[in-house]
Amino acid sequence: MSDQPTVPEHRHPGTGTYLAVAAVLTIITLVEVGVFYVPAFKPVLVPVLLVLSSAKFALVVMFYMHLKSDHKLFTLVFSLPLMLALGVGLALLFLYGAFVRG
Amino acid sequence: VTHAHAHTTSTGLDNRKLAFWTFIGSECLLFGSLISTYLIYKGRSVRGPTPQEILNIPLTSVSTFDLLMSSLAMVLALAAVARGDRVRARVWLGATALLGAIFLGFQAYEFTAFVHEGLTITTNLFGSTFFTLTGFHGGHVFVGVVWLLTLLVRSFQGKLGPDKALNVEIAGLYWHFVDVVWIVIFTVVYLIQ
């Protein structure tokens, strides 16, 4: 049995990338809190917040959890349950009438 | 930063890392069910306090920033361990654990304030789902802090060299997952009221 890796080593991002991601995460958080307090955003608050939150989620997963540079199998074993959780959550919300007004 | 895998496997990937990603996948289902339950019962409490009356957005924004910065400290700790920089590894591991502990302090303060304002886990549907969801998350943060402190102790014992970078990477995966769960909770529970 060889001690050699059978999959090529992966390269993680550098410190500069980590700091840049942290700066973007901070800016997005400030924007999130900002739009929460601005009455003009009230009609589009939910979609705007969901997009901003998804962007933060994706940044952390891709760069800090290294899925962008790591083996695709890791992305698969993370994404499938995530999609399943989203699907089950949406199905439950429909089932319990969470999207019904009034 | 590069990592060599310690042994060959049928997938060509390190078993521990693959197993941990699978565990994180199962955690997606756990938190998915908790968040769904919170949303299903949202607005169905027959008495207060309601989220609009009690949630403290400025305080939670600060704790959210704190947790985001702990993720930055975690990746810097991993980078330091991988290049064999023991001093910086200790600094960043300690910083990550400290920021995690500060987050727990914010949560303890928030929970205490809510109880004083009349919201407990048995008060109404909001209280039950809110404390269950954020309590489970806080429990995960606590486990993460303990894990980070054990890594810090290993570092001071001289047992956390570049050959152990994968151990730190796996702890980091856990920590970042706790962070992304909070990103979702902050939006769904606190900002979308």
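**Two chains in a predicted model**

Mentor: In this predicted model, B:Ser70 touches B:Thr96, B:Leu99 and B:Trp175, its neighbours within four places in sequence being left aside.

Trainee: Does B:Ser70 count as buried or exposed, and at what relative accessibility?

Mentor: B:Ser70 sits in helix α3 of chain B, residues 57–82. Buried means under 20% relative accessible area. B:Ser70 therefore counts as buried, with a relative accessibility of 0%.

Trainee: Which helices and strands does chain A have, and in what pattern?

Mentor: Chain A has three helices and zero strands. Along the sequence, the pattern is α-α-α.

Trainee: How much of the contact between chain A and chain B falls on carbon and sulfur atoms?

Mentor: Chain A brings 51 residues to the contact and chain B brings 50 residues. On the chain A side, A:Tyr64, A:Met65 and A:Phe74 lose the most area to chain B, together 14% of what that side buries. The two chains bury about 4,500 Å² between them, and the share on carbon and sulfur atoms is 75%.

Trainee: Which side chains meet in a salt bridge?

Mentor: The count between chain A and chain B is one salt bridge. At 2.6 Å, N to O, the side chains that meet in a salt bridge are those of A:Asp70 and B:Lys17.

Trainee: Which helix gives the most to the largest nonpolar core?

Mentor: The largest nonpolar core has 83 residues, and those with the most contacts inside it are A:Tyr64, A:Phe78, B:Phe130, B:Phe177 and B:Tyr190. Helices that each supply at least two residues include α1, α2 and α3 of chain A and α1, α3 and α4 of chain B. With 20 residues, the helix that gives the most to this core is α6(B).

Trainee: Which residue of chain A is in contact with B:Tyr190?

Mentor: B:Tyr190 is among the residues with the most contacts inside the largest nonpolar core. Its contacts, neighbours within four places in sequence left aside, include B:Phe130, B:Trp182 and B:Ile185. From chain A, the residue in contact with B:Tyr190 is A:Phe36.

Trainee: Where does A:Val38 lie, and how does its relative accessibility class it?

Mentor: A:Val38 lies in the loop between α1 (15–37) and α2 (45–64) of chain A. Together with A:Phe41 and A:Val44, A:Val38 makes a nonpolar surface patch of about 200 Å². Because its relative accessibility is 33%, A:Val38 counts as partly exposed.

Conventions:
Residues numbered from 1 in each chain as written. Chains lettered and ligands numbered in written order. Predicted model: local features only at pLDDT ≥ 70, side-chain atom pairs only at ≥ 80, totals over all residues. Heavy atoms only, no water. Patch = residues over 30% accessible without salt bridge, like charges linked within 9 Å, V, L, I, M, F, W, Y side chains within 5 Å. Areas by Shrake-Rupley, 256 points an atom, 1.4 Å probe, with all protein chains shown as cover. Salt bridge = Lys/Arg side-chain N within 4 Å of Asp/Glu carboxyl O. Helix = DSSP H or I, 4+ residues; strand = E, 2+ residues; numbered from the N terminus. Buried < 20%, exposed > 50% of the residue type's maximum accessible area, 1.4 Å probe, protein only. Contact = heavy atoms within 4.5 Å. Core = buried A, V, L, I, M, F, W, Y, C linked by side-chain atoms within 4.5 Å. Buried area = accessible area lost by both parts, 1.4 Å probe.
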